[in-house]
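Colleague: Please take a close look at the sheet in this model and at what is set around the strands. One connected account would do.

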Amino acid sequence: MRLYQFGYSTIFAKDMSPAELLTRAAGTLVQPVAVSRAEAETITMLGEGITADDLPHLDPDALHEAGLLGGDVTLLRAGTYASWSFAVETEGTYLAADEILARVSRGTAALSVRESESGSSWIAYAEDGDILSSFDPLYPDNDYGKNPARLEQLTGHRSAINSGERADAFANATRAIQQELGCSVPAEVDADQMLAIGISDGG
């Protein structure tokens, strides 16, 4: 279930293109460029020291316009699966912010899933700008959304949590929610080139 060894945040949006998802996540019009997982890892690893020579198969101008060169960035990549688009951020929490989820969900439905390197996690679901469910899978009774029953009706995730080991709460909840909603980040899609942007200093 773990997408990245050192944690990740991902957000799913129904019936939305990856480019629109990145625009909503950034809060401004963006110019994404296609970047593979390996290329994204190079950008993240080299940080401010990265040059166009480190990514010879990509257009340096396009990388600059996407905000991926020239400093520390929050790197977001977005792709599609079935009727959902998804955006992935490694080792960060930018995509897990409530305001991002609410903005992405306007006019549609959106799901936010975060897991840290330490194993702490959070799941939130929103429709049309309202966060309906927002909880730590280890403590599903403490849900801070406006209508927690909505996600349970759609997915049965509480039953999935209660029927398994407590240590597996995140995996069981995520599996149930993604299976019932029909959203996922397939490993083969994540490895391939997807649209990417960089957000300077996480904002």
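Modeller: What follows goes through the sheet, then the helices and the largest pocket.

The model is a predicted one. Its open sheet has eight strands in the order E2-E8-E3-E4-E1-E5-E6-E7, and the pairing is antiparallel. Strand E2 (33–35) and strand E7 (130–135) each have a single partner strand, so they stand at the edges and one side of each is left without a neighbour in the sheet. From one strand to the next, the twist averages 25 degrees. Strands of a sheet are held in such pairs through backbone hydrogen bonds, which may run parallel or antiparallel. Within this sheet, strand E1 (residues 7–14) pairs with strand E5 (residues 109–116) in the antiparallel sense, over seven bridges. Ala13 has Ala110 of E5 as its bridge partner.

Helix H1 (residues 18–26) lies across four strands: E1, strand E3 (73–81), strand E4 (84–90) and strand E8 (194–200). Relative to E8, helix H1 runs at about 10 degrees. The buried residues of H1 are Pro18, Leu21, Leu22, Thr23 and Ala25. In an α-helix, residues three or four places apart point the same way, because there are 3.6 residues a turn. The buried residues of H1 pack against E1, E3, E4 and E8, and also against helix H4 (98–104). Just after H1 comes Gly27, with a positive phi of about 80 degrees.

Strands E3 and E4 also take part in the largest pocket, where they and helix H2 (37–46) are the elements that give two or more residues to the lining. The volume of this pocket is about 210 Å³. It is lined by 14 residues, and those closest to its centre are Ile43, Thr44, Val73, Thr74 and Leu75. With three residues, E3 gives the most to the lining.

Helix H7 (residues 169–181) can be checked for its length. Its 13 residues should span 18 Å at 1.5 Å a residue, and the end C-alpha atoms are 18 Å apart, which agrees. H7 is mostly covered, with 10 of its 13 residues buried, that is, under 20% relative accessible area. These buried residues are Ala169, Phe170, Ala171, Asn172, Ala173, Thr174, Ala176, Ile177, Gln178 and Leu181. Gly182, just after H7, takes a positive phi of about 85 degrees.

Technical notes:
Residues are numbered from 1 along each chain as its sequence is written. This is a predicted model: local features need pLDDT of at least 70, side-chain atom pairs count only at pLDDT 80 or more; totals for chains, interfaces and linings use all residues. Side-chain values use heavy atoms; hydrogens and water are left out. Two strands pair if DSSP finds at least two bridges between them. Axes are lines fitted to C-alpha atoms, for helices over the stretch in contact, and angles run from 0 to 180 degrees between N-to-C directions. Contact means heavy atoms within 4.5 Å. The expected span of a helix is 1.5 Å times one less than its number of residues. Buried means under 20% relative accessible area, exposed over 50%, partly exposed in between (1.4 Å probe, protein chains only). On a 1 Å grid over the protein atoms alone, a cavity is a set of points where a 1.4 Å probe fits but cannot get out, and a pocket is an open set with protein on both sides within 12 Å along at least five of seven lines; lining residues have an atom within 4 Å of a point. Grid points are joined across faces, edges and corners, and a volume is the space filled by probe spheres set on the points.
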